[in-house]
Amino acid sequence: MSQFVDSDDTTPLLGDDACSDDSQDEDYKSRWRSIRVMYFTMFLSSVGFTIVITSLWPYLQRIDESVNASFLGWVVAAYSLGQMLASPIFGLWSNHRRRMEPLVCSILINLSANIYYAYAYLPTDNNKFHILLSRAFVGFGAGNVAVVRSYVAGATSLKERTGAMANMSACQALGFILGPALQACLSFIGEHGVTVKFIDLQLNMYTAPALLAAAFGVINILLVVFLLREHRVDEHGRHLRAINYTSEDGDYLHEETEESIDQVAVLTSNILFFIVMFIFAVFETIATPLSMDMFAWTRKEAVLYNGIIICCIGFESILVFLVVKVASQRVGDRPVLLAGLAIIFCGFFILLPWGNQYPKIQWADIKNHSLVTQMSAATLGSNSSLEPIGCPFEQTWCQYTPVIHLAQFISSDFLIGIGYPACNVMSYTLYSKILGPKPQGVYMGWLTASGSGARTLGPVFVSQVYTILGPRWAFSLICGMMVGSIILLAALYHRLIAFSIRHRRTEE
């Protein structure tokens, strides 16, 4: 790739009308073609996670009767733990080698792990641990998001950065929509589905989504191999020689920026991103068991209805990304991040249980605040099967904690669907601007690891607290975390600025 050597300060930002010759025009087209491949990679990574998230709990219950809600937290966390371990590795790899290498490797791991997940029912015992391992490997493969984000950050000018990050987050949201939507569609296959004997496969509502995710992985590999090219530009959009190939450029950038990065801002950004991802991990983990406990939904109903709800949140998120792109240009990135945190707080505050109505207990009806055992089939509801529905009797808080109404649940979903995408895109955008022109593979790896750590701890936290203490304690603690994050952002508001802006202030 050619390197621009013009030092003219009037060189325009790269754009459709900024390329005056064939070479520059081809570089521009190739650059954005590669960026769009990264968008699609992020999209498929999101699909790979959400396509099984609403059916994960019923699948565990079906193949291993010993499983409980606490173990669900570990299974959801396994994905993020794998991603946390892989992100710095893939980020470091991408700083020194062609990005195609870590991308193809990670996608192959992800593809294989989804096939493993689809066959987790085959062993005669300990099936839940096979689910756990498969999700950990899926997460390890998803560590490539650090490569994706560092590539987009390095291939866009400062002016292009917010829009590109918003577009990438919108693609992530599309995957967030399509995953549960596909799961909801595939739920009509049923729990038994069909058996493909020659490969010993049960194709049902639980295994089909994972196999579809594996097929998406094949498409992703082909796109990366045939369309991705290395590109890097400075903050004004002028091409630089890719650091993966030329040590001189790398040494120059390290010499110029290594000591100039505001490490306090970097740490603060990681903490805020950790909190945002922790909160959302709590939300996505608890949605299915909470709805089954509070609304007495069956496993199939929970998969279908939560899939529809998550799809709606995904569409809402896309609208939020469009608004965020405009709002950040008008008021700045930091106010949008602050508003997003406040909205998430409101979403969890609404979800706190109140009133004097209590949830339906499995195998029991509540009459005059006492439990009267009803072992007849009629008590199990109008379902043709004898699947128990309602809040499990073993969760003692079900007997004294007020029910969370469906209106509360939907209102909370709506607010979180506004606050989370705003915080997500602003976190990445601010972080990439704080880092400046330095190659961002390792730093993005640490940010992704921070988010993955949150998504590891979040499910474990909520599954334990929810199972033992109930939703009142779980959501009260979440509200406290949101207040702390707002205070932290307000206290260090002046440090979260772009590298180039801080550098100019220092020189002045």
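1. Buried here means under 20% relative accessible area, with exposed over 50% and partly exposed in between (1.4 Å probe, protein chains only). By that cut-off C398 is buried, as its relative accessible area is 0%. C391 also counts as buried, at 0% relative accessibility.

2. Before going on, some housekeeping. This is a predicted model, where local features need pLDDT of at least 70 and side-chain atom pairs count only at pLDDT 80 or more, while totals for chains, interfaces and linings use all residues. Residues are numbered from 1 along each chain as its sequence is written, and side-chain values use heavy atoms, with hydrogens and water left out.

3. On to the sulfurs. Searching the whole structure for disulfides (pairs of cysteine sulfur atoms within 2.5 Å) turns up 1. The partners are C391 and C398, with sulfur atoms 1.8 Å apart. Their link is left-handed, at -50 degrees about the S-S bond.

4. Why is C479 not bonded to C346? The closest cysteine sulfur to that of C479 is in C346, and at 9.0 Å it is too far for a bond. C479 is buried at 7% relative accessibility, and C423 is buried too, at 0%.

5. Now the largest nonpolar core (buried Ala, Val, Leu, Ile, Met, Phe, Trp, Tyr and Cys residues joined through side-chain atoms within 4.5 Å). This core has 132 residues, and L60, I131, F348 and F475 have the most contacts inside it. Helix α10, residues 263-295, supplies the largest share, 18 residues; helices are DSSP runs of H or I, at least four residues, numbered from the N terminus.

6. Which residues does I131 touch, leaving aside neighbours within four places in sequence? I131 is in contact (heavy atoms within 4.5 Å) with L56, Y59, L60, I63, V75, Y117 and A120.

Key. Helices (H or I, at least four residues) and strands (E, at least two) are DSSP runs, numbered from the N terminus.
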